[in-house]
Amino acid sequence: MPRHILLLIALAGALTACSTPQRMDMPSTTAGTPSTEAPLSAPSRPSATTDTSPTVLAMMQRADQAYREGRLDVAEMTLERALRIEPHNPVLWSNLASLRMQQGRVADAAELALKSNRLAADDRRLRRHNLQLLHEAYTQLGRATKAEAVARELQQMRP
Amino acid sequence: MAKQRKRRSSKKKARQSTWRGILLRWLLAFVILALLIGGFALAYLDRQVVERFEGARWSLPAKVYARPLELYPGQTLTREALRRELERLGYRAAQERLAAGTYQYANNSFAIHQRPARFWDGEQPAQAFRVTIVGERVERLADLNGKRLDLVRMPPPMIGSFYPSHGEDRVLVKLDEVPPLLVDTLLAVEDRAFYEHFGLRPAAILRAALVNLRAGRTVQGGSTLTQQLVKNFFLSNERTISRKLVEVLMALIVEWRYDKNDILEAYLNEVYLGQAGARAIHGFGLASEFYFNRPLAELNPEQMALLVGLVKGPSYYSPRRNPERATDRRNVVLGVMGSQDLLAEERVSLLKSSPLGITSAPRSGRSLYPAFMDLVKEQLRRDYSEADIREAGLKIFTTLDPEVQGRVEQAVTTRLQQLERQRGLPGGSLQAAAVVTTAESAEVLAVVADRDPRYQGFNRALNAKRPIGSLIKPAVYLAALRQPQQFNLLTLLDDSPLALEQRNGEVWRPQNYDREYHGQVPLYQALAHSYNVATVRLGLRLGLGQVSEVMQDLGLEAALPANPAMLLGTLELTPLQVTRLYQTLAANGFRTPQRSIRAVLDARGEPLQRYPLQVQQRIDPAAAYLIQAGMRQVVEEGTARSLKQRLAHTATIRGKTGTTNDLRDSWFVGFDSDFLGVVWVGRDDNQPAGLTGSSGALPIWTDVFAHLPRRHATLPPPSGVNEVWVDPHSGKRLDGPCEGALHLPFIAGTEPPPGGRCASGGGAGIMNFLENLFN
């Protein structure tokens, strides 16, 4: 048979043998298990500007619980829900920062700690907690200058 | 000789047979080739059919949900708002029992029995609870036994569904969910022999061909439902012979592969039945909602007749645009229903004189929010791979707040009409776009892209780039305030005549809106009154690079072009882009990416992607606080002061008006500690609308914010910032508040020197009080 005929047959055969693309399996987005010695909730004295409602307190507890059980995603979602109710609550932002550290998202954690401090006003305990987190974060990120600056600020905070 | 002849003749014979052989071989090759091509073509068509058919049949559209309403004690919520939410969810007043999906109301208290709902953090079972609302506040939340609850999350109302791959809406119906009368009517009108034929009706085709030939044009169709389905699925409306042939082949393939009921079901969900702007209405389920605001199962016979009648020509017989034609067509179908014994004749005559019953606008529920849906689709396309979003049955949980959306829509519609009337502008000449987000978390609560919010056309919020005018000024002033050693809110700026020679030799003389010059003015005042001249001077002194840097820190993607006119906002941005920039200021210097989607679940209910809350400090909180104070003065004494007459609690509002050359664009951006709103008003043809930011966009913004559940919270100043009382005339510090004094923030160490005098003449504070006492 002429060669070009064979070629055509082969081509047609190859084309019809093509299978439809397979569906890909979606990877699930679960976080790893943290070391749960430290509680999620940042230490805080109720400050003048944030009177935490019972609802948000309950949610903070739930987030803490989920965090201890290693369900970081649930803890995160609970904190975000709480933030919709009290968007200016610095403790919530601080807890979210701690969560991010556990999730290994260190740069995000630092920013959230900064956010918490912006809202923290004169809550010294909370500010110190955030600065400590910031120091840890900057050190991990290799940002020595920033880490030093935070260390100095912490030093100045001591009575 | 004989040998030669013999040889010659055998050679001749051999030549002849060779020719024949070659011919035969080529014929054979040709036939094989034709068969191969034909087979290949058929295989190709077959695959097309399977892909499309299976894709439509088995694929569920993505379902899009608004935010779930969360209830908690102390929340700002009215009873009317809760009722509206219940309506969106399709909950009905309970007749006797409080079954799932029903509620009872008595004495300020709603008893609600929730249906189960799937959220991104898991399944929420059905639950019953009682919520008591007094005035505008949730007083109490408890289960039916009286046990207090601190939080209840209602299921999220569905706001639309679409196939992410082609963006079309569907309301899928199963064949057994479609009223039998509708099916029977459809078959009676369009394809009586549907269950008998094999995909084609050759007799019908021939008959139609003859009729059409005689008439000289197409008057009769011979297409079966199968052929129509194929046409809807794949092909355009080309009526060429090759198209017809492909259609026929595909119809045969469909009939061969699928059974009659499957074909019918696919048809019911695919048939084109209308147009809403750029949005095509496919399927009886969606058409039922679109024309009658009700699900298919609730249609009356005359409504079914209308829909079936539309199959022949949805535009030609459009009930909204051609009601007379639509009525005639509907009555033809009613006639068929009568003659085929689907309806009693007396009923048919009665129904023929009934009105069409078309609603003017679709009810809340399906895809009522095309502008917001555009944003959702954009976020999906941006953040997901094609493979992810092609997956069927996605559940998309968005940030849309239907209450806020409703307010914005109302404000836009009402105010534009009012403005046109008041100023004698042609009706419909003004257009608007608006975006509302939460201040701290940048969740998009509402998007309006057209004065007719139902219209799906050009999305002005997303895509209309307009010069931002004075909206750029806060960036210029922020650039200054970032240099606290040189600038604070009281620093005097020069608003005297300025002449700048341009590169092309021309002289540019920037003008203030009031055509006056104001000499030496404090920085905050230049911002509050939006003085162009002072701003240009300031910007040139700082350097355009500084301003550009601020814009980029705020979130502008590209650098600003380096020309002085930029300082007055020749930069063109969409309302959404403007929102992103001001979001950083509303969030106190933290750049916060806008979110219209909270989470996406796949068909199995597993989280596909979450959009976590993320922030990034880009503007020093101290500088951010200072510029916010400047923007406070815009409202307090500046170009947006008219706001105070229409809104209570303006002490926490920061804003900026924006007006462009010749009053073509009217902008207002305003935020408090809870919400950020951006409004643009103008004309599509870019002709001057004759509106300033405060006369056009501001009233719309005000109407919206008057109804938002604001908390009126003030944030304390950040560390390193001190707020002091100052006398604006001398620029000096006062001991305390008094008449004419201003409370302004300063970076620690840059506060003005003491020695200010009150407007009353004293020095303020206790000494002044005593002084006045003894005088």
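Q: What area does chain A expose, and what share of it do carbon and sulfur atoms supply?
A: Chain A exposes about 8500 Å², by the Shrake-Rupley method with a 1.4 Å probe. Carbon and sulfur atoms supply 55% of that area. This is a predicted model, in which local features need pLDDT of at least 70, side-chain atom pairs count only at pLDDT 80 or more, and totals for chains, interfaces and linings use all residues. Residues are numbered from 1 along each chain as its sequence is written, chains are lettered from A and ligands numbered from 1 in the order in which they are written, and side-chain values use heavy atoms, without hydrogens and water.

Q: What pattern does chain A follow along the sequence?
A: The pattern is α-α-α-α-α-α-α, with seven helices and zero strands. Helices (H or I, at least four residues) and strands (E, at least two) are DSSP runs, numbered from the N terminus.

Q: How many aromatic pairs does a search of the whole structure find?
A: Over all chains, 12 are found.

Q: Why is the pair of Tyr316(B) and Tyr317(B) called edge-to-face?
A: The ring centres are 4.9 Å apart and the planes stand at 90 degrees. Rings of Phe, Tyr and Trp (its six-membered ring) pair with centres within 6.5 Å; planes under 30 degrees apart are stacked, over 60 edge-to-face, the rest tilted. The pair is therefore edge-to-face.

Q: Why is Tyr317(B) called buried or exposed?
A: Tyr317(B) has a relative accessible area of 14%. Buried means under 20%, exposed over 50% and partly exposed in between (1.4 Å probe, protein chains only), so Tyr317(B) is buried. Tyr316(B), at 48%, is partly exposed.

Q: What sits over the ring of Trp120(B)?
A: The charged end of Arg153(B) does, 5.7 Å from the ring centre. The term requires NZ of Lys or CZ of Arg within 6 Å of the centre and within 35 degrees of the ring normal. Trp120(B) also belongs to an aromatic cluster with Tyr65(B), Phe119(B) and Phe397(B). Elsewhere, Arg83(B) lies over the face of Tyr105(B), 4.7 Å from the ring centre.

Q: What makes S16(B) and S17(B) a pair of strands?
A: Four bridges join strand S16 (residues 431–438) of chain B to S17(B), and the two run antiparallel. Pairing needs at least two bridges found by DSSP, so S16(B) and S17(B) pair. Val436(B) stands opposite Ala446(B) in S17(B).

Q: Which strands form the open sheet, and in what order?
A: The order is S17-S16-S30-S29-S28 (chain B), with antiparallel pairing. Strands S17 (444–448) and S28 (654–659) of chain B are the edge strands, each pairing on one side only.
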